Structures are given as C-alpha cells and as structure tokens.
Amino acid sequence: MTDQLSRVFAALADPTRRDMVARLTEGDHTVNDLAAPYDVSLQAVSKHLKVLEDAGLVTRTREAQRRPVHLEAEVFDLMTKWIERYRQQAEERFSRLDAVLAAMDEQDNPTTGIRTEGTAS
C-alpha cells in the first residue's frame, strides 16, 4: 500500500488499534500505559503502534525518560473528506430517486394524490 488513506484504513481495521486511537484522543500515553488493558506483550503493542505510526496516525516523541505516543488527529481530515465525498454522492442519488418517485406518484394522482378514476361527478 502506498497511499496514506489506504494505510490509515488498513491500520484502523484492527479493533485493538482502534481502541488505542480512541484512548489517545484523551491525551498522550506511553507504550506501557497503552499496553495496560491488553493481555498481550509489550512487543505486540509496539507492533500495533508501528502500524499506526506508519499510517501517520501517531507519533512518538521523547520527554526525558518518557516516549509518549501522540495522536495526529489531522489524519482524520483525510478520512473525513473521502467519506464525505461518497456520502454526499449517495445522498444526491437518493434525492434524485425521491424526485422520480414523487413524479411517478403525481402522474398516478394528479390533484389529490388519490385515484379518482371511476367515481361519479
């Protein structure tokens, strides 16, 4: 995978990584903090973080003895733009379908919306 959007979606396909991202929305954490709720090794958590880091979702900095993991929230803008484009296209298709169905209903019921054929006047 070469494009960032594909890497981001692939990284977030894993529920553990999504949970880590959710926890990082609350603030920076160390690898040990992030590993605490999981029944996996620190090495496994580091591998998950490496995937998130390669996707551009997180960065690690150095603060004295700590290496906090920071969420790069601007990557979500890339995802949001992609999703919004297709959501908008789908809504436009549904609006056109609603217009066609309304026109068909109007043809069947031109004045009241109720068929009047066969009634005495």
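Which residues have the most contacts inside the largest nonpolar core? The points below address this and related features of the predicted model.

1. The largest nonpolar core comprises 21 residues, and Leu-49, Leu-52 and Leu-57 are those with the most contacts inside it. Two or more residues of this core come from each of the elements α1, α2, α3 (31–35), α4, β2 (69–71) and α5.

2. Leu-52 merits separate mention. When its neighbours within four places in sequence are left aside, Leu-52 is in contact with Ala-11, Leu-12, Arg-17, Met-20, Val-21, Leu-57 and Val-58.

3. In helix α1, which spans residues 4–11, the residues Leu-5, Val-8 and Ala-11 are buried. These residues lie on the same side of α1, because the arc they cover around the axis is only 130°. The cover over the buried residues of α1 includes α2 (15–24), α4 (42–54) and α5 (75–108).

4. The packing of α2 against α4 can be described in detail. Their axes are 10 Å apart, and the angle between the two helices is about 75°. Angles of 65 to 115 degrees count as roughly perpendicular, and α2 and α4 are therefore roughly perpendicular to each other.

5. On the α2 side, this contact is made by Thr-16, Arg-17, Met-20 and Val-21. On the α4 side, Val-45, His-48, Leu-49, Val-51 and Leu-52 take part. By residue class, the contact of α2 with α4 consists of 6 nonpolar, 2 polar and 1 charged residues. Leu-49 and Leu-52, named in this contact, are also among the residues with the most contacts inside the largest nonpolar core.

Technical notes:
Residues numbered from 1 in each chain as written. Predicted model: local features only at pLDDT ≥ 70, side-chain atom pairs only at ≥ 80, totals over all residues. Heavy atoms only, no water. Buried < 20%, exposed > 50% of the residue type's maximum accessible area, 1.4 Å probe, protein only. Helix = DSSP H or I, 4+ residues; strand = E, 2+ residues; numbered from the N terminus. Arc of directions from axis to C-beta. Contact = heavy atoms within 4.5 Å. Core = buried A, V, L, I, M, F, W, Y, C linked by side-chain atoms within 4.5 Å. Axes fitted to C-alpha atoms, helices over the stretch in contact; angles between N-to-C directions. Parallel < 35°, antiparallel > 145°, perpendicular 65-115°, else oblique. Nonpolar A, V, L, I, M, F, W, Y, C, P; charged D, E, K, R; others polar.
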